[in-house]
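Biologist: I'm new to this one, so could you walk me through it slowly?
Modeller: Gladly; let's have it on screen before we start.

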Amino acid sequence: MRAHNEAMLYCFKSKAGADVVMLAESGDALLRLMGRQPAPQGIFESAALPALIQSLEAGVAADEAAFQQAVDAAKAAGEPEPRRQGVSLRQRAWPLRDLMARAQRDGVDVLWGV
């Protein structure tokens, strides 16, 4: 059973920048990339931001590498190259990553659901 409603929106907030709003599915995926369990409320403490940003960037890089492998495999097999459907993980992660980097620079936390 899910801890929160499927239609939920995440609203990540910090004194360092504008709010970042995303649908639950995207927010859940990004939280998991950073080793966090999806939850309706939470905090990224300032001291933890460098490691969290690194985890997020590593997850995005792994997603990009996997897609590139699929492109390379299609080319090698003489098949049409696959195309990304919808918004990429990199595009979804960037606004939150930017807010987290600003919060790290300013020494403040990032909160959601409060």
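Biologist: How much area does the protein expose, and what share do carbon and sulfur atoms supply?
Modeller: The protein exposes about 7000 Å², and carbon and sulfur atoms supply 52% of that area, where accessible areas come from the Shrake-Rupley method with a 1.4 Å probe and, for residues, only the protein chains shown count as cover. Please keep in mind that this is a predicted model, in which local features need pLDDT of at least 70 and side-chain atom pairs count only at pLDDT 80 or more, while totals for chains, interfaces and linings use all residues. Residues are numbered from 1 along each chain as its sequence is written, and side-chain values use heavy atoms, with hydrogens and water left out.

Biologist: What share of the residues count as buried?
Modeller: Of the 114 residues of the protein, 32% count as buried, meaning under 20% relative accessible area, against over 50% for exposed and in between for partly exposed (1.4 Å probe, protein chains only).

Biologist: In what order do the elements run?
Modeller: From the N terminus they go β-β-α-β-α-α-β, which gives 3 helices and 4 strands; helices (H or I, at least four residues) and strands (E, at least two) are DSSP runs, numbered from the N terminus.

Biologist: At what angle do H1 and H3 pack?
Modeller: Helix H1, residues 24-33, and helix H3, residues 89-106, pack at about 80° with their axes 11 Å apart; axes are lines fitted to C-alpha atoms, for helices over the stretch in contact, and angles run from 0 to 180 degrees between N-to-C directions. H1 and H3 are therefore roughly perpendicular to each other, a term that covers 65 to 115 degrees.

Biologist: And which residues make that contact?
Modeller: Ser26, Leu30 and Leu33 of H1 meet Leu89, Arg92, Ala93 and Leu96 of H3, contact being heavy atoms within 4.5 Å.

Biologist: Which residues of H1 are buried?
Modeller: Those are Ala24, Ser26, Gly27, Asp28, Leu30 and Leu31, and the buried residues of H1 pack against strands S1 (9-14), S2 (17-23), S3 and S4 (110-112) as well as helices H2 (49-76) and H3. After H1 comes Gly35, with a positive phi near 80°.

Biologist: Switching topic, where is Ile43 found?
Modeller: Ile43 is in strand S3, residues 42-44, and is partly exposed at a relative accessible area of 31%. Leaving aside neighbours within four places in sequence, Ile43 is in contact with Arg36, Asp109, Val110, Leu111 and Trp112.

Key. Angles under 35 degrees count as roughly parallel, over 145 as roughly antiparallel, 65 to 115 as roughly perpendicular and the rest as oblique.
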